[in-house]
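This report considers how a ligand is held by its protein and then looks at one further residue of the chain. The account opens with that residue and goes on to the ligand.

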Amino acid sequence: MKTILYMAITINGFVAGENDDTSWVSKESWESYLKTIKSMDAVIIGRNTYDIMPQDEFQPNCIYVVLTHNAPEKAKVTNIIFTDKSPQAILDLLNEKDCRKVCVSGGGQVNAQFLEGNLINEIYVDIEPQILGRGIPLFARNDISQKLRLLEVNRLSENTIQLHYTVERI
Ligand SMILES: NC(=O)c1ccc[n+]([C@@H]2O[C@H](COP(=O)([O-])OP(=O)(O)OC[C@H]3O[C@@H](n4cnc5c(N)ncnc54)[C@H](OP(=O)(O)O)[C@@H]3O)[C@@H](O)[C@H]2O)c1
């Protein structure tokens with residue numbers, strides 16, 4: 001199983017501004033993200049990200065796993081699992097369901113737990129030409145260290161670059 005993390009970020013490392021503002025994420029980054037998701041078997045997100053995702057953003061080809069302690073009574077889509085299992089237990093469950101490609105897709109709290117658990121193989125960040133004073137960081141904790149190796153740099157548009165890393169195993 002391969003687990004990637006895919007996020008759009010400001011140059012100072014936020015994934016959203018105040019009040020969950022992601023209006024600065026470019027169309028090209030969205031298109032690239034959707035193309036990536038279409039090749040995935042599963043997408044893992046946190047409850048805060050789930051709550052603000054419009055229904056039409058859920059892709060039918062993926063199982064969505066939402067981390068939460070309070071599963072809603074009614075889900076936005078049918079291909080979804082609400083869970084408070086550990087990150088490793090979630091990947092084990094997806095493995096049992098024959099998922100080979102899994103995308104961890106925010107927000108900052110969920111990203112931090114999967115990185116801390118040493119469960120991410122590759123990272124894609126689309127860097128937008130934006131600085132925000134306040135917001136939600138790529139990783140919700142500031143005590144995680146991880147060495148990466150750059151695999152490729154893609155220019156998504158005149159303004160947006162994508163960095164693709166592999167996570168170095170120690
Ligand atoms: N720029 C991008 O590419 C991008 C992508 C995705 C999201 N975002 C942004 O990220 C922001 C959300 O990030 P966030 O860090 O606030 O929240 P998040 O990671 O999306 O969700 C956090 C929530 O998930 C649940 N959770 C987390 N860990 C858990 C665990 N171990 N067990 C059970 N439940 C757990 C908790 O919900 P409960 O209280 O329900 O238990 C927690 O409040 C939004 O503004 C969104 O727009 C940006």
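In this predicted model, K147 counts as exposed because its relative accessibility is 59%, and the cut-off for that class is over 50%. K147 belongs to the loop between β8 (136-137) and β9 (148-155). From K147 to G117 the C-alpha to C-alpha distance is 14 Å, with the two residues 30 residues apart in sequence.

The ligand occupies a space that is the largest pocket. The elements that contribute two or more residues to the shell around the ligand are β1 (2-9), β2 (14-16), α2 (47-52) and α4 (108-116). Around the ligand there are 23 residues, of which A8, D20, T49, T68 and H69 come nearest. By character, the shell divides into eight nonpolar, twelve polar and three charged residues.

The table lists polar contacts made by oxygen atoms of the ligand.

| Residue | Protein atom | Distance to a ligand oxygen atom |
|---|---|---|
| T68 | N or O atom in the side chain | 2.5 Å |
| G107 | polar backbone atom | 3.0 Å |
| V110 | backbone N or O atom | 3.3 Å |

On its own the ligand has 930 Å² of accessible area, and the protein covers 84% of this area. T68 thus appears both among the residues that come nearest to the ligand and as a side-chain partner, with an N or O atom 2.5 Å from an oxygen atom of the ligand, whereas G107 and V110 take part through backbone atoms.

Definitions and conventions
Residues numbered from 1 in each chain as written. Predicted model: local features only at pLDDT ≥ 70, side-chain atom pairs only at ≥ 80, totals over all residues. Heavy atoms only, no water. Near = heavy atom within 4 Å. Polar contact = N/O pair within 3.5 Å; in protein donor to acceptor, adjacent residues only side chain to side chain. Areas by Shrake-Rupley, 256 points an atom, 1.4 Å probe, with all protein chains shown as cover. 1 Å grid on protein atoms, 1.4 Å probe; cavity = no way out; pocket = protein on both sides within 12 Å on 5 of 7 lines; lining within 4 Å. Sits in = over half its atoms within 2 Å of the grid points. Helix = DSSP H or I, 4+ residues; strand = E, 2+ residues; numbered from the N terminus. Nonpolar A, V, L, I, M, F, W, Y, C, P; charged D, E, K, R; others polar. Buried < 20%, exposed > 50% of the residue type's maximum accessible area, 1.4 Å probe, protein only.
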